[in-house]
Amino acid sequence: ADITLTGTYANPFSGTIDGNGKTIYGLKVVAEGKAPAGLFANAKYVKNLTVDGAQITGQYKTGVIVGDGLCSRIDNCHVINSTVTVTPYNQDEANNVGGIVGYVNNSATGGQVSNCKCEGTIKSHYYDVGGIAGHNRGLAIVGCTFSGTINCDYDDSAEGFNSSGAGSTKYSRVGGICGDQRGSGNIDRCTVTGTINGKKWTGGIVGLVEASGVNNSVFSGKLTGTNTAAGIAAYVATGSVKSCSVNNATINGEQNVGGIVGSTTATGYMTSCNVAGSTIKATSLNVGGIAGHFNKGGLVSQCNVENSTIETNHKLAGGIVGNIADCTNAQTARIENCNVYGGTVTATANGIAGGIFGGCNGYGIVNKCSANCNVANTGTGGGNVGGIGGWVSSNNLLVINCIYYGSNLTNDNNT
């Protein structure tokens with residue numbers, strides 16, 4: 001039967017929709033243009049509902065449960081055996097797609113997406129794509145899981161957009177939980193075991209973190225990105241990643257590839273995170289067991305990498321951080337109390353590799369770190385290998401209380 005709810009975009013249905021544990025089978029929604037798409041185009045509070053076998057097609061703010069959740073609260077909703085597809089109708093608008101909700105905005109207190117699950121396929125040709133939420137401003141996402149497949153083939157360079165920095169709004173921003181996470185709400189206790197294929201800023205949990213955080217979350221799936229890819233958060237502009245784990249995962253990208261974070265700035269930090277049994281590879285530069293790239297500062301503290309393969313086909317591979325770049329005295333990068341146990345750190349084409357960090361060209365402090373891994377450069381035309389660091393360009397890096405106790409440092413260039 002058809003369901004009719006009163007409300008408009010500006011004043012959506014504001015009551016509570018309680019599914020009471022029931023399941024809706026075979027839902028099909030097709031929306032065109034700038035119209036939210038989902039079981040509910042707009043809704044404020046949905047709970048206790050399962051949707052099985054849905055096919056949702058939209059071009060703007062698209063999700064199986066809710067398309068556009070203004071001030072949303074979505075609790076205990078499950079999506080299984082479903083497909084969400086988004087194609088652009090306008091290059092500035094065809095975005096925000098999620099397995100549960102396309103877009104959420106906490107303009108009032110109390111908003112959250114909690115205890116939701118998505119098992120399905122999400123296909124998008126544009127940006128802000130997540131297994132749970134596409135774009136989230138200010139809500140907490142708590143206790144959610146994604147175990148499906150995300151495919152996003154959006155590449156801003158193909159459309160002539162400026163891709164020079166973090167300020168660009170046209171990165172693909174793909175995440176197993178959320179594509180774009182901003183504001184006071186955090187992602188907490190979420191798990192992703194699916195397959196994620198994206199372009200720039202692709203993360204196992206989240207694509208972009210800005211003024212927010214990711215806590216106690218786990219990625220153990222397969223991920224492929226291009227520029228800036230990671231098991232937890234692809235890009236941390238401002239915010240934190242705490243107590244997160246990447247286990248038995250495969251992470252592939254071109255550059256700025258990390259087990260936990262792809263790239264971060266001076267105001268981004270990672271603490272108490274662990275990577276185990278994983279493969280992390282970059283076809284270009286900057287790959288690290290925890291972070292691929294520190295841009296003008298950043299902090300990694302009390303993080304461990306265990307029995308993992310870290311590899312670049314170019315240069316700057318590190319057991320903890322790939323590249324510490326452009327750091328000033330006021331924006332000093334710090335790696336503290338971190339350890340690498342077993343595994344390999346390798347540059348395969350005349351590259352630079354280190355047991356803790358690959359390279360540093362600015363101010364940094366590496367303190368109380370240890371590495372017990374094999375470090376190698378297998379290229380024959382040049383390169384540098386070190387048990388702690390591979391290359392330092394100035395005397396502004398302080399390395400103290402660190403030890404390398406691995407058995408193999410190999411440089412086929414004999415440098």
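A residue is called partly exposed here when its relative accessible area falls between the buried class, under 20%, and the exposed class, over 50%. I365 is a handy case in this predicted model: with a relative accessibility of 30%, I365 counts as partly exposed. The residue sits in strand 47, which spans residues 364–367. Setting aside neighbours within four places in sequence, I365 is in contact with T332, A333, R334, I335, L397 and L398. One of these partners, A333, is 32 residues away along the chain, yet the C-alpha atoms of I365 and A333 are separated by 6.3 Å.

Stepping back to the whole chain, the fold is built with 53 strands and zero helices. Of the 415 residues in the protein, 56% are buried. The accessible surface adds up to about 14600 Å², and carbon and sulfur atoms own 43% of that. Among contacts with a separation of 6 or more, 82% link residues 24 or more positions apart.

A few individual positions help to fill in the picture. S124 belongs to strand 12 (residues 117–124) and is buried, at 3% relative accessibility. Its side chain reaches the backbone nitrogen of Y126 at 3.0 Å. Leaving out neighbours within four places in sequence, S124 also touches V86, V97, V129, N151, C152 and D153. N215 is found in strand 24, residues 206–215, and its relative accessible area of 15% puts N215 in the buried class too. Not counting residues up to four places away in sequence, the contacts of N215 are N186, I187, D188, R189, K242 and C244.

G387, by contrast with these strand residues, lies in a loop, the one between strand 49 (384–386) and strand 50 (389–392). Even so, G387 is buried, with a relative accessible area of 11%. Apart from neighbours within four places in sequence, G387 is in contact with G354, G355, I356, A371, Y404 and L409. G387 and S407 are 20 residues apart in sequence, and 9.8 Å lies between their C-alpha atoms.

On the surface side, Y341, I403 and Y405 come together as a nonpolar patch, with about 290 Å² of accessible area between them. I403 is part of strand 52 (residues 403–404). With a relative accessible area of 47%, I403 is partly exposed, so it clears the cut-off of over 30% that patch members must meet.

The cysteines are next. A disulfide is a covalent bond between the sulfur atoms of two cysteines. With a cut-off of 2.5 Å between the sulfur atoms, the count of disulfides comes to zero. C178 is in no disulfide, and its nearest cysteine sulfur, in C190, is 9.7 Å away. C178 is also buried, at a relative accessible area of 0%. For C338, the closest cysteine sulfur is the one in C369, but the gap is 4.8 Å and therefore too far for a bond. C338 is likewise buried, at 0% relative accessibility.

Charged pairs make up the last part of the picture. Side chains of opposite charge can pair when their charged atoms come close. The structure holds nine salt bridges. One of them joins K61 to D68, where the closest N and O atoms are 3.4 Å apart. Both ends of this bridge are buried: K61 has a relative accessibility of 6%, and D68 has 1%. R173 and D180 meet in another salt bridge, 3.0 Å from N to O. R173 counts as buried at 2% relative accessibility, as does D180 at 0%. Salt bridges with shared partners tie D128, R173, D180, R182 and E210 into one network.

The bridge between E336 and R334 has an N to O distance of 3.7 Å. R334 is partly exposed, at 34% relative accessibility. R334 also appears among the contacts of I365, which brings the account back to strand 47, where I365 lies.

How values were computed:
Residues numbered from 1 in each chain as written. Predicted model: local features only at pLDDT ≥ 70, side-chain atom pairs only at ≥ 80, totals over all residues. Heavy atoms only, no water. Patch = residues over 30% accessible without salt bridge, like charges linked within 9 Å, V, L, I, M, F, W, Y side chains within 5 Å. Areas by Shrake-Rupley, 256 points an atom, 1.4 Å probe, with all protein chains shown as cover. Salt bridge = Lys/Arg side-chain N within 4 Å of Asp/Glu carboxyl O. Helix = DSSP H or I, 4+ residues; strand = E, 2+ residues; numbered from the N terminus. Buried < 20%, exposed > 50% of the residue type's maximum accessible area, 1.4 Å probe, protein only. Contact = heavy atoms within 4.5 Å. Polar contact = N/O pair within 3.5 Å; in protein donor to acceptor, adjacent residues only side chain to side chain.
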